[in-house]
Amino acid sequence: MHRPPGQPRWGKIVLSRRVFPKPSATHHHSHIIKMSSNRKRRTNASETESTPSARRRRRQSEESDSSAPDSDDDGPSAPTSTDAMVKKMVRLAIASEYSRLPIRRNDISAKVLGEQGSRQFQSVFQQAQQQLKERFGMQMTELPAREKITVTQRRAAQKTEKPSSANKSWIVTTTLPLPYRSPDILIPTKAPSLYTESTYTGLYSFIIALIVLNGGTLAEQKLDRYLTRTNAEVATPVDRTDKLLQRLCKEGYLIKTREMDGGEEVIEYVLGPRGKIEVGAGGVAGLVRTVYGKNQDDHESLTQLQREDLEDFEARLGRSLGIEPATVRASGVDGASDTDGDARVNGNGEPNEVPRSSGPRRSSRPDANQEEEEDSGSEEYEEE
């Protein structure tokens, strides 16, 4: 085919360019109208969603979504408010016992339960008790109410109504079996120091033993004479004697009473709530057995005379403490629980009993004959 001169071999390529017209004012106005109509449609859609039926459908869908993870038993459950209160309860119990402070019901309501959990006390208390037993070998033991000893206190108690449960308080006691309550296992705490804590424990155990062996009440003058015999009338290894007695009263080991008798003030010491639970009659019996060397576990090697002497000792000790005397067997003294000094709970897991102060109060001022009898060296546990 003939090709004209100057024409390309593969044909002529023509490039066309499309020219777009400039947007007019009318086109811009229509674009604005379309945008506004879209906004109106979105507004209408949101208004329809805010209707009661739409909100009800949305709430039902959310509840179904929230209940779906609970049906899966394999996955870990999220901590609830009750779990948090149980943990707070355990921390409060341990911290209070470290400071030797009672766990009061008012403190539990304010620091653990709060305003929202006031009706969950029993549930939280039982779960915290279970955690203390399983993880720490402890439990919260309720403190006994203070006895109305003086005549004024008894008259005031008759006028008042029944005490409410809001005044209850507890302390932490051990739940370990008796074989694990030896001094090698249950050593005194290291705060502030091992020596200070062990000395303080020995001092208040000694004073509590004096009060219990004297019938549950001990006059201040008589206590001063006992402390003079031990060279502790002015100061002790822990603190001054007067400050030590104040501390014992503050922590609930002792109760100091004052009463007027014949125009003179009579000051006496009785056993406090913490002293009854931590030491009690069982701890006093263990202390006396240790002092007199009667706490041997095996009595098979004893002669008949020694066995009779031990039985007589237990009988006198039982009369002094107001408890049943322990029987002597070949395997040891039956009923000699908590002989290591820390007698917070007896062998049956119940609080130790202590002799209560008897009847109306009388003047405790000793006369000359009584002082001579006391100075003669007669043992208090032998008195009936």
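Let me start with the surface: the protein chain exposes about 26,100 Å², and carbon and sulfur atoms supply 50% of that area. Please keep in mind throughout that this is a predicted model. Of the 384 residues of the protein chain, 32% count as buried, and the chain is built with 13 helices and 8 strands. If you take the contacts with a separation of 6 or more, residues 24 or more positions apart account for 69% of them.

Staying on the surface for a moment, there is a nonpolar patch of about 280 Å², and the residues that make it are Y180, I185 and L186. Y180 is found in the loop between β3, residues 169-174, and α7, and with a relative accessible area of 47% this tyrosine is partly exposed.

That loop has another feature that you may want to look at on the screen, namely a cis peptide bond that joins A191 and P192, with omega about 0°; P192, like Y180, lies in the loop between β3 and α7. As background, most residues other than glycine have a negative phi, and most peptide bonds are trans.

From the loop we come to helix α7 itself, residues 194-213, where a simple check of length can be made. At 1.5 Å a residue, the 20 residues of this helix should span 28 Å, and the C-alpha atoms at its ends are 28 Å apart, so the expected and computed values agree. Just after α7, G215 takes a positive phi of about 90°.

Which residues have a positive phi although they are not glycines? R100 is one of them, with a phi of about 60°, and N231 is another, also at about 60°. Their surroundings can be set side by side: R100 lies in the loop between α3, residues 81-98, and β1, residues 103-104, and is buried, with a relative accessible area of 11%, whereas N231 has its place in the loop between α8, residues 220-229, and α9, residues 241-250, and counts as exposed at 65% relative accessibility.

Let me turn to the strands. One open sheet consists of 3 strands in the order β1-β3-β2, with antiparallel pairing; its edge strands are β1 and β2, the latter covering residues 138-142, and each of these two pairs on one side only. Between β1 and β3 there are 2 bridges, and R104 has S169 in β3 as its bridge partner.

The other pairings I want to show involve β6, residues 264-271, a strand that is mostly covered, since 6 of its 8 residues are buried. With β5, residues 254-261, β6 pairs in the antiparallel sense over 8 bridges, and the bridge partner of K256 is Y269 in β6. These two strands form a hairpin with 2 residues between them, and in the turn G262 has a positive phi of about 65°. Strand β6 also runs antiparallel to β4, residues 217-219, to which 3 bridges join it, and there A219 stands opposite E268.

Finally, the salt bridges, of which a search of the whole structure finds 9. One of them brings together the side chains of E265 and R258, at 3.2 Å from N to O; E265 counts as partly exposed at 45% relative accessibility, and R258 is partly exposed as well, at 47%.

Which residues are linked in a network of salt bridges? They are E97, R274 and E278. The side chains of R274 and E97 meet at 3.5 Å, N to O, and because R274 lies in helix α10, residues 273-278, while E97 lies in helix α3, this pair ties together parts that are 177 residues apart in sequence. Both R274 and E97 are buried. The side chains of R274 and E278 meet in a salt bridge at 2.8 Å, N to O, and here both residues lie in helix α10, 4 residues apart, which is about one turn of the helix. In general, an α-helix has 3.6 residues a turn, so residues three or four places apart point the same way. E278 is buried too, as R274 is.

Key
Residues numbered from 1 in each chain as written. Predicted model: local features only at pLDDT ≥ 70, side-chain atom pairs only at ≥ 80, totals over all residues. Heavy atoms only, no water. Expected span 1.5 Å × (residues − 1). Buried < 20%, exposed > 50% of the residue type's maximum accessible area, 1.4 Å probe, protein only. Contact = heavy atoms within 4.5 Å. Areas by Shrake-Rupley, 256 points an atom, 1.4 Å probe, with all protein chains shown as cover. Patch = residues over 30% accessible without salt bridge, like charges linked within 9 Å, V, L, I, M, F, W, Y side chains within 5 Å. Salt bridge = Lys/Arg side-chain N within 4 Å of Asp/Glu carboxyl O. Pairing = 2+ DSSP bridges.
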